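Reader: I have just opened this structure and would like to learn how to read it. Could you walk me through it feature by feature?

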Amino acid sequence: VGGGRLAKSKRMGKQRRRRGKKGRQKASPAGKVENMVPEKFQNVAPVLQNLRSTNAASRAAACTAVGGMVSHATNAPALCFHLARTGVVKAIVPLMTDPNAHVSVSAVNAVAKMAMCGGPGVCNGLAKRSDVMTPLLSILTGKWVENLQNHIASNLLYGALDLATSLAEECEGVTKELTKSEALARTVRLMLNGSAPNKIREKAAALISVASDENLLFGQQLLKKGQNALDAFIKLL
């Protein structure tokens with residue numbers, strides 16, 4: 001089966017591309033997660049309190065703190081599982097579409113760091129058990145993002161595209177959801193938008209490169225978008 005998939009990929013002109021995983025660590029070995037998490041990170045009660053605060057600044061600060069914990073953890077996968085078991089992930093995912101845009105940006109960045117540093121197990125947990133796809137698709141396809149200030153919308157999309165790329169690389173089914181929701185189609189428009197910041201266009205191209213492999217529905221969508229979209233995609237091959 002694996003040989004057939006590889007042959008098919010070669011016939012299509014490219015194989016699956018994977019980003020360099022800066023900061024990514026191997027999944028934690030079996031054992032109690034608490035024993036693998038530094039003592040200073042074990043008590044998450046203050047973080048949870050701030051994530052649930054009615055004060056937007058407190059929620060944003062808590063999200064930033066979580067992202068920093070993950071980035072600096074010596075065992076990021078174990079820490080991410082600890083954050084999931086203690087309710088931090090459940091509290092932070094809905095904040096990705098918080099009414100306060102600064103909170104949304106901070107939450108998306110924190111979850112993106114979990115996906116980037118946590119590896120396949122964390123990515124699958126986010127996609128399948130934490131319902132991260134609901135707010136992620138809302139950001140990538142929702143009109144509400146266009147109503148935000150330009151720099152805030154740019155930061156939000158940057159984090160969302162980074163998160164989507166990590167999930168698409170590691171989780172079966174994510175690419176299908178991104179395609180059916182037309183999130184990938186919108187990503188093509190971002191890549192082609194000459195007035196968009198370069199960092200957004202580069203992130204859009206990275207997601208398309210990962211999620212386009214053996215994706216017939218996406219190919220059909222590209223054809224509907226016209227020759228410009230198709231030419232831009234071919235340049236990625």
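Reader: Let me begin with one residue: does Ser 106 count as buried or exposed?

Author: Welcome! Please keep in mind that this is a predicted model. To judge a residue, look at its relative accessible area; under 20% is called buried. Ser 106 counts as buried because its relative accessibility is 15%. Ser 106 is part of helix α7, and it touches Ala 60, Cys 63 and Thr 64, leaving aside residues up to four places away in sequence. You can also compare sequence with space: Ser 106 and Leu 95 are eleven residues apart in sequence, and their C-alpha atoms are 8.6 Å apart.

Reader: What is the overall make-up of the chain, in helices and strands?

Author: A count of the elements is a good way to get your bearings. The chain has 15 helices and zero strands. Of its 237 residues, 51% count as buried. You can also ask how far apart in sequence the partners in a contact are. Among contacts with a separation of 6 or more, 72% are between residues 24 or more positions apart.

Reader: How do I read a pair of helices, and at what angle do the axes of α4 and α5 cross?

Author: Look at the distance between the axes, then the angle, then the residues that make the contact. Helix α4 covers residues 56-72 and helix α5 covers residues 76-85; their axes come within 8 Å and cross at roughly 145°. From α4, the contact uses Val 66, Met 69 and Val 70, while α5 brings Ala 76, Leu 79, Cys 80 and Leu 83. By type, these are seven nonpolar residues, with no polar and no charged ones.

Reader: Val 70 is in that list. What does Val 70 touch?

Author: Let us place the residue before listing its neighbours. Val 70 sits in helix α4 and is buried, since its relative accessible area is 0%. Beyond residues up to four places away in sequence, it touches Ala 76, Leu 79, Cys 80, Leu 83, Lys 113, Met 114 and Cys 117. Between Val 70 and Leu 83 there are 9.6 Å from C-alpha to C-alpha, at 13 residues apart in sequence.

Reader: Which residues touch the most other members of the largest nonpolar core?

Author: In a core, follow the side chains from neighbour to neighbour. The largest nonpolar core has 74 residues, and those that touch the most other members are Leu 83, Ile 92, Met 96, Met 114, Leu 167 and Leu 178. Helix α7 gives the largest share of this core, twelve residues. Take Met 114 as an example: its contacts, not counting residues up to four places away in sequence, are Val 66, Val 70, Cys 80, Leu 83, Val 89, Ile 92, Gly 119, Val 122 and Leu 126.

Reader: Which residues of helix α8 are buried?

Author: For a buried stretch, find the residues and then see what covers them. In α8, residues 120-128, the buried ones are Val 122, Cys 123, Asn 124, Gly 125, Leu 126 and Ala 127. Their cover includes α5, α6, α7, α9, α10 and α11.

Reader: And how do I read a pocket? Which residues line the second largest one?

Author: Begin with the volume, then go around the lining. The second largest pocket holds about 270 Å³ of space. Its lining is made of Val 145, Glu 146, Asn 150, Ala 153, Ser 154, Leu 157, Arg 186, Leu 190, Asn 193, Ala 196, Pro 197 and Ile 200. Helices α10 and α12 each give at least two of the lining residues, and α10 has the largest share, with four. The lining divides into seven nonpolar, three polar and two charged residues.

Reader: Helix α12 also holds Thr 187. Is Thr 187 buried or exposed?

Author: Thr 187 is buried, because its relative accessible area is 1%. It touches Leu 161, Ala 204, Leu 207 and Ile 208, with residues up to four places away in sequence left out.

Reader: One last feature: what is the phi of Asp 131?

Author: Most residues other than glycine have a negative phi. Asp 131 has a positive value, near 55°. It lies in the loop between α8 and α9 and counts as partly exposed, at 45% relative accessibility. Glu 182, which is not a glycine, also has a positive phi, about 65°. Glu 182 is placed in the loop between α11 and α12 and is partly exposed, with a relative accessible area of 40%.

Definitions and conventions:
Residues are numbered from 1 along each chain as its sequence is written. This is a predicted model: local features need pLDDT of at least 70, side-chain atom pairs count only at pLDDT 80 or more; totals for chains, interfaces and linings use all residues. Side-chain values use heavy atoms; hydrogens and water are left out. Axes are lines fitted to C-alpha atoms, for helices over the stretch in contact, and angles run from 0 to 180 degrees between N-to-C directions. Contact means heavy atoms within 4.5 Å. Ala, Val, Leu, Ile, Met, Phe, Trp, Tyr, Cys and Pro count as nonpolar, Asp, Glu, Lys and Arg as charged, and the others, Gly among them, as polar. On a 1 Å grid over the protein atoms alone, a cavity is a set of points where a 1.4 Å probe fits but cannot get out, and a pocket is an open set with protein on both sides within 12 Å along at least five of seven lines; lining residues have an atom within 4 Å of a point. Grid points are joined across faces, edges and corners, and a volume is the space filled by probe spheres set on the points. Buried means under 20% relative accessible area, exposed over 50%, partly exposed in between (1.4 Å probe, protein chains only). A nonpolar core is a set of buried Ala, Val, Leu, Ile, Met, Phe, Trp, Tyr and Cys residues joined through side-chain atoms within 4.5 Å.
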